[in-house]
Amino acid sequence: MPLLDADMLVETAYAKVNLALHVRERRADGYHALESLFVFARDGDLLTGEAREDGSISLMLDGRFGAALEAGEGNLVMKAARLLQERLGEKRGAAIRLTKSLPVASGIGGGSADAAAALRLLNRLWDAQLSTPELERLGLALGSDVPACVSSVPQMVRGRGELLEQRDVQGLAGMPMLLVNPGVALSTAQVFQGWDQQDRGPLDAHGLEDIIAKGRNDLEPAAIEAAPIIAEVLALLREQTGVRFARMSGSGATCFALFDGVASRGAAAMALCALRPDWWIMETEIGGA
Ligand SMILES: C[C@@](CO)(OP(=O)(O)O)[C@H](O)COP(=O)(O)OP(=O)(O)OC[C@H]1O[C@@H](n2ccc(N)nc2=O)[C@H](O)[C@@H]1O
Ligand SMILES: Nc1ncnc2c1ncn2[C@@H]1O[C@H](COP(=O)(O)OP(=O)(O)O)[C@@H](O)[C@H]1O
């Protein structure tokens, strides 16, 4: 953790997990109508920022996955900063550092979480005082997952990602969770294209038992087709002691497993690390509202 100046602000870009993801239809605009229960890990990427009087925006990347991304105008953090500058109509500047701990293009919304965290960070740094719904509206221009990442609390998400309803599912907050990525990056657009266009029905996300028993990730077959190793990740997670359930998140390839305690989560993490030292494994827990 870097030492912080008094006038430096910090935001965490929490990893997003789709506990269930039902794809209902392909819309005329090319996006898909979803029903998904989003939760957020208590860990993620880290953004720090300091105001710059000259109106310039700079971005510096570090962390395990920092080298996997460019820090130029295409980075979602830069895009978020430009969007907010434009919305405020003034050239306020910032020097931003993104410590990238989440794998890129991996179904846990790292880029979306970074963009949302940048909006929150700069809203504070520039004292812009935009409300959460305003930031969510701005965020949709950066990606379908960005609105939900603005508040990063458990939410039922519909539409292409813009219809948000906070959900407090009993027993979820604090649940030990393992995130596992086998090192393959998947294109979200390509995985949606592989969906078989079968609407398998709505998502009842009121209780954990229903989410476990009746929830699905409808993108799993298409993602496994593109990256068969995902099936191996899921099989390994499901055979661990103390696992409540395991599923793929988003368009993959990251999979998650929820555990009945930190001891079983820790034992599973050790077992997977020993078997697959090349996989990315994060021990974390679900954040609350
Ligand atoms: C699948 C999900 C589930 O949470 O997560 P990830 O796998 O990205 O983490 C999201 O819907 C992804 O959201 P996001 O990553 O922001 O996607 P966007 O940049 O908006 O869209 C990338 C591409 O995915 C497809 N797309 C995205 C969202 C959606 N509801 N329908 C789609 O068909 C479109 O082809 C679009 O051009
Ligand atoms: N700061 C960022 N972090 C991650 N990905 C980014 C970022 N900026 C731009 N991208 C691009 O956004 C795409 C989606 O990344 P990401 O949000 O990590 O995927 P996913 O939502 O599937 O986890 C990637 O192709 C990546 O190149």
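Helix α2 supplies the largest share of the shell around ligand 2, with 4 residues. This is a predicted model, and the ligand is a good place to enter it.

Helices α1 (76-88) and α2 (110-125) each give at least two residues to that shell. There are 18 residues around ligand 2. Leu 76, Ala 105, Gly 110, Gly 111 and Asp 114 come nearest. By type, the shell holds 6 nonpolar, 10 polar and 2 charged residues.

Now step back to the whole chain. The protein is divided into domain 1 (8-166) and domain 2 (176-285). Where does ligand 2 lie relative to domain 1 and domain 2? Both domains give residues to its shell, so ligand 2 lies between them.

The two domains also touch each other. Their C-alpha centres lie 22 Å apart. The contact takes 25 residues from domain 1 and 32 residues from domain 2. On the side of domain 1 that touches domain 2, the elements giving two or more residues are β1 (8-26) and β2 (32-52). Strand β1 gives the most, with 11 residues. That side of domain 1 divides into 13 nonpolar, 6 polar and 6 charged residues.

Next comes a sheet. Strands of a sheet pair through backbone hydrogen bonds, either parallel or antiparallel. Here, 4 strands form an open sheet in the order β8-β9-β7-β10, and the pairing is antiparallel. Which strands stand at the edges? They are β8 (243-248) and β10 (280-285). Each has a single partner strand, so one side of each is left without a neighbour in the sheet. From one strand to the next, the twist averages 20 degrees.

Look at one pair in detail. Strand β7 (residues 176-181) runs antiparallel to β10, and 6 bridges join the two. One of the residues to find is Asn 181, whose bridge partner in β10 is Trp 280. A helix also belongs in this picture. Helix α8 (residues 229-238) lies across β7, β8 and β9 (255-259). Its direction is about 175 degrees to that of β8.

Finish with a single residue, Leu 163. Leu 163 lies in strand β6 (residues 163-166). Is Leu 163 buried or partly exposed? It has 15 other C-beta atoms within 10 Å, so it counts as partly exposed; a buried residue would have 20 or more. Leaving aside neighbours within four places in sequence, Leu 163 is in contact with Val 157 and Arg 158. Ala 271 is 108 residues from Leu 163 along the chain, and their C-alpha atoms are separated by 39 Å.

How values were computed
Residues numbered from 1 in each chain as written. Chains lettered and ligands numbered in written order. Predicted model: local features only at pLDDT ≥ 70, side-chain atom pairs only at ≥ 80, totals over all residues. Buried ≥ 20, exposed ≤ 12 C-beta atoms within 10 Å, placed from the backbone. Contact = placed C-beta atoms within 7 Å. Pairing = 2+ DSSP bridges. Axes fitted to C-alpha atoms, helices over the stretch in contact; angles between N-to-C directions. Near = placed C-beta within 6 Å. Nonpolar A, V, L, I, M, F, W, Y, C, P; charged D, E, K, R; others polar. Domains from an automatic or database assignment.
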